[in-house]
Amino acid sequence: MQPFSFATAGQILSEGGAVRRLASLCRERGARRVLIVTDPGIARLGMLDDLLPGFTAAQVGVAIFTEVAADPGQACVLAAVKRARHIGADLIVGFGGGSSMDVAKLVALLAHPESRQPLEALYGVDQAKGQRLPLIQIPTTAGTGSEVTPIAIVTTAGNVKMGVVSPLLLPDLALLDADCTLGLPAAVTAATGIDAMVHAIEAYTSKLKRNPLSSLLAREALRLLASNLDQAVHNGGNLQARQAMLLGACLAGQAFANAPVAAVHALAYPLGGHFHIPHGLSNALVLPHVLRFNLPVAAADYAELAPALLGERLRAGDRHCQSEQFVAELAELGPRCGLPGRLRDVAVPRHSLGQLAEDAMRQQRLLVNNPREVTAADALTIYEAAY
């Protein structure tokens with residue numbers, strides 16, 4: 001057995017209704033002033049309104065930063081850091097989707113009183129130094145797994161997504177409460193759910209750091225997600241299905257935090273950077289085409305994952321047949337959930353495919369994990385197949 005290391009959040013709390021205890025959970029960690037980092041949609045829906053009286057009762061000061069947009073840029077991160085410093089925050093809460101939680105990670109790091117690093121110095125792997133403020137992450141979508149990953153993605157001025165990867169970004173507490181996902185539109189539920197499935201699949205086939213724990217978590221994550229996605233999408237009030245989706249996304253996040261994602265994400269990032277296509281949908285659009293590209297070297301892994309995805313619907317046959325069924329099922333998943341199926345359906349112009357391929361090749365941090373080497377010509381071919 002090859003040596004490996006495995007790191008994750010300090011604590012995971014999976015419990016319906018637990019978000020109502022947020023103030024006391026902050027108080028237990030010694031907080032006196034808390035900044036909640038979220039997006040305008042959550043503020044507009046009043047999702048935090050019921051939580052604020054608890055902070056008064058717990059005698060904990062609280063402020064809310066509501067300016068996180070999809071694919072957050074450097075200005076957004078720095079504005080949130082400025083707000084945290086202004087109120088003297090001693091604990092940060094990320095409340096929302098992956099963008100809000102990613103910004104919260106960077107705020108916890110950069111707003112620490114002893115922090116001296118500029119944001120630009122953090123890009124890459126293990127560039128972050130020093131300490132961070134205590135951090136609690138609360139996902140409102142079952143998809144990104146950001147609540148248990150040491151990764152934050154920032155969109156630079158050139159529409160390139162840069163990653164900050166450091167164990168310092170792992171939170172002290174990840175709180176999974178299906179109540180926070182109620183009312184999520186079916187299309188968002190589907191896209192984020194497929195995003196989580198991609199995390200599980202890419203972690204399971206990750207070339208460099210796959211290990212027994214990441215593989216175990218990836219298989220169970222895919223089983224939970226595949227068996228509950230339909231109910232979560234088409235019967236959104238099913239709290240049991242939504243809690244299972246949150247747990248599945250969290251397990252997938254733990255898996256890919258330790259066995260990193262690969263070409264699906266590398267090709268999805270430019271779609272978000274240039275055309276602001278939501279990350280989960282970007283993944284869904286390129287997923288089957290990357291899987292078909294990987295089949296010559298990943299068929300055995302896909303066949304091993306097929307029972308978790310298909311359950312009793314898996315047909316008897318050899319490894320090749322089951323891997324083909326695995327890819328075919330995932331190709332049908334997005335359209336079955338009502339998502340667009342082609343790049344042209346989301347207004348990506350054909351003339352942009354070459355630029356997208358060039359940008360995807362900049363994601364070497366991810367591409368090195370792919371089971372099959374990807375060249376610029378391969379990336380263009382995959383985009384053309386997805387078009």
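**Exercise 1.** In this predicted model, work out which strand pairs with strand 6 in the parallel sense over 2 bridges, and find the residue of that strand that stands opposite Q137.

*Solution.* The partner over 2 parallel bridges is strand 9, which covers residues 173–176. Within strand 9, the residue standing opposite Q137 is A174. Strand 6 also pairs with strand 4, residues 91–96, again in the parallel sense, and here over 5 bridges. In that pairing, L135 of strand 6 is the bridge partner of I92.

**Exercise 2.** Decide how many of the 5 residues of strand 6 are buried, and determine which residues lie on each of its faces.

*Solution.* Strand 6 spans residues 135–139, and 5 of its 5 residues are buried. Taking one side, we find L135, Q137 and P139, while I136 and I138 lie on the other, so that both faces are covered.

**Exercise 3.** Identify the two residues of the aromatic pair in this structure, and establish whether their rings are stacked, edge-to-face or tilted.

*Solution.* The structure holds 1 aromatic pair. Its members are Y302 and F326, whose ring centres are 5.3 Å apart and whose planes make an angle of 20 degrees. Because planes under 30 degrees apart count as stacked, the pair of Y302 and F326 is stacked. Y302 belongs to helix 10 (residues 279–310) and F326 to helix 11 (residues 319–336), so the pair links distant parts of the chain, 24 residues apart. The cut-off for buried is under 20% relative accessible area; Y302 therefore counts as buried at 1%, and F326 is buried at 0%.

Key
Residues are numbered from 1 along each chain as its sequence is written. This is a predicted model: local features need pLDDT of at least 70, side-chain atom pairs count only at pLDDT 80 or more; totals for chains, interfaces and linings use all residues. Side-chain values use heavy atoms; hydrogens and water are left out. Buried means under 20% relative accessible area, exposed over 50%, partly exposed in between (1.4 Å probe, protein chains only). Helices (H or I, at least four residues) and strands (E, at least two) are DSSP runs, numbered from the N terminus. Two strands pair if DSSP finds at least two bridges between them. Rings of Phe, Tyr and Trp (its six-membered ring) pair if their centres lie within 6.5 Å; planes under 30 degrees apart count as stacked, over 60 as edge-to-face and the rest as tilted.
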